[in-house]
Amino acid sequence: MKAMTYSKYGNPDVLELTEQPMPKVGPGMVLVKVKASSVNPVDWKIMGGHLDPLMDLQFPAIPGWDVAGVVEAVGIDAPHFKPGDEVISYGRKDYVHGGSFAEYIALPERLLARKPESLDWNESAGLPLAGLTAYQVLNRLGLQSGETVLIHGGSGGVGSLGIQIALARGAKVIATASEKNHDFLRSLGAEPVAYGEGLAGRVKALRPEGVDVVADFVGGNLEATLEVLAENGRHASVADNEVEAHGGTWMWVNPVGAELQQLADLVDEHKIRVEVATALPLAEAADAFRLNMEGHTRGKIVVTVP
């Protein structure tokens with residue numbers, strides 16, 4: 001099968017389109033023919049060697065954890081899916097090797113969910129990792145109906161989904177973004193504020209008594225978070241471990257197929273939509289990485305597999 005691989009740590013230039021063996025389909029596993037994947041910052045951070053102390057990797061490595069595709073085959077004792085089923089997954093395995101930037105991927109059945117009927121392949125590929133990140137952070141923070149949440153990074157893949165998940169729970173949302181994306185935030189149902197110097201003052205102007213919850217999806221916002229948090233408020237970050245020293249929670253998303261299915265159901269209830277910034281073919285995955293590294297795109301960068 002064709003796959004995008006890298007055989008050493010480095011920048012996107014180390015990526016190359018290669019021929020790789022078909023994945024084996026062991027007990028409890030499902031073989032998926034990939035239709036689309038999407039780029040997440042963790043993909044190029046791993047490729048750059050930045051997570052080497054944390055994660056095992058086997059070269060040549062196929063990057064990519066987001067999957068949208070069609071079940072090709074099932075292994076022994078994998079009763080919940082059958083060939084032809086359309087599925088999605090946050091396909092993180094125990095070590096980095098056989099990712100989703102390939103024609104096929106084998107995954108444990110427990111990581112799969114059924115593809116939302118209301119999304120196309122590209123949109124579906126943008127849901128798993130980003131959606132689960134937002135979903136699990138807001139779950140951990142115990143966000144309730146009627147509370148106000150501040151979301152740092154509201155126009156990104158994770159933040160835009162977090163806004164919609166929070167609103168579906170009946171919360172009020174304030175979200176940060178550059179001014180060019182404020183109309184986008186309003187279209188999602190959030191009250192936009194510009195990030196950067198003076199952020200805390202702008203949030204307090206909207207919510208003088210402070211916000212109940214802060215979800216930081218970009219990092220570098222601890223000082224502002226603590227300034228705007230109401231008494232007994234809760235906060236978490238996926239990008240800044242310093243929050244732990246200030247009563248917050250530092251989180252890493254877990255691959256849970258059942259929770260992903262709940263997200264997919266919210267999509268089909270028209271409570272969540274997925275914003276796709278651009279889609280590039282597998283052979284241009286290096287360019288997709290570069291776009292994601294720039295950090296200025298609105299929504300998800302998708303890689304399509306012919």
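1. A definition to start with: Ala, Val, Leu, Ile, Met, Phe, Trp, Tyr, Cys and Pro count as nonpolar, Asp, Glu, Lys and Arg as charged, and the others, Gly among them, as polar. With that in hand, the lining of the largest pocket has 23 nonpolar, 19 polar and 3 charged residues. Please keep in mind while reading that this is a predicted model.

2. Staying with the largest pocket, its volume comes to about 1300 Å³. The lining has 45 residues, and those closest to the pocket centre are Pro41, Lys45, Val158, Phe217 and Val218. Which element gives the most to this lining? Helix α1 does, with 4 residues. At least two lining residues each come from α1 (41–47), α3, α4, β11 (172–177), α9 (285–294) and β17 (300–304).

3. The second largest pocket has a volume of about 360 Å³. Its lining consists of 18 residues, with Pro23, Lys24, Lys93, His97 and Gly98 nearest the centre. Strands β4 (57–62), β7 (96–98) and β8 (104–108) each supply at least two of the lining residues, and β8 gives the most, with 4. By class, the lining of this second largest pocket divides into 12 nonpolar, 4 polar and 2 charged residues.

4. Strand β8 also holds Tyr104, a residue you may like to look at. Is Tyr104 buried or exposed? Its relative accessible area is 14%, and the cut-off for buried is under 20%, so Tyr104 is buried. Beyond its neighbours within four places in sequence, Tyr104 is in contact with Met1, Met22, Pro23, Leu31, Val32, Lys33, Val34, Glu72 and Gly99. One of these partners, Leu31, is 73 residues away along the chain, yet the C-alpha atoms of Leu31 and Tyr104 are separated by 6.9 Å.

5. Now for the enclosed spaces. How many cavities of 30 Å³ or more does a search of the whole structure find? The search finds 3. The largest cavity holds about 80 Å³ of space. Its lining has 15 residues, of which Ile62, Pro63, Gly64, Trp65 and Val96 lie nearest the centre. Both α1 and β7 supply at least two residues of this lining, and β7 gives the most, with 3 residues. The lining of the largest cavity is made up of 7 nonpolar, 5 polar and 3 charged residues.

6. The second largest cavity holds about 40 Å³. It is lined by Tyr9, Ile46, Gly49, Leu51, Asp52, Met55, Asp56, Leu57 and Val96. Those residues divide into 6 nonpolar, 1 polar and 2 charged.

7. Helix α8 (residues 257–268) passes a simple geometry check. At 1.5 Å a residue, its 12 residues should span 16 Å, and the end C-alpha atoms are 16 Å apart, so the model agrees with the expected span. Within α8, the residues Gly257, Leu260, Leu263, Ala264, Leu266 and Val267 are buried. Why do these residues fall on the same side of α8? Because they cover an arc of only 165 degrees around the axis.

8. What covers the buried residues of α8? The cover includes β6 (86–90), β9 (112–114), α3 (128–140) and α4 (157–168). The helices α3 and α4 also each supply at least two residues to the lining of the largest pocket. Just after α8, His270 takes a positive phi of about 65 degrees.

Methods: Residues are numbered from 1 along each chain as its sequence is written. This is a predicted model: local features need pLDDT of at least 70, side-chain atom pairs count only at pLDDT 80 or more; totals for chains, interfaces and linings use all residues. Side-chain values use heavy atoms; hydrogens and water are left out. The expected span of a helix is 1.5 Å times one less than its number of residues. Buried means under 20% relative accessible area, exposed over 50%, partly exposed in between (1.4 Å probe, protein chains only). The arc is that of the directions from the helix axis to the C-beta atoms. Contact means heavy atoms within 4.5 Å. On a 1 Å grid over the protein atoms alone, a cavity is a set of points where a 1.4 Å probe fits but cannot get out, and a pocket is an open set with protein on both sides within 12 Å along at least five of seven lines; lining residues have an atom within 4 Å of a point. Grid points are joined across faces, edges and corners, and a volume is the space filled by probe spheres set on the points.
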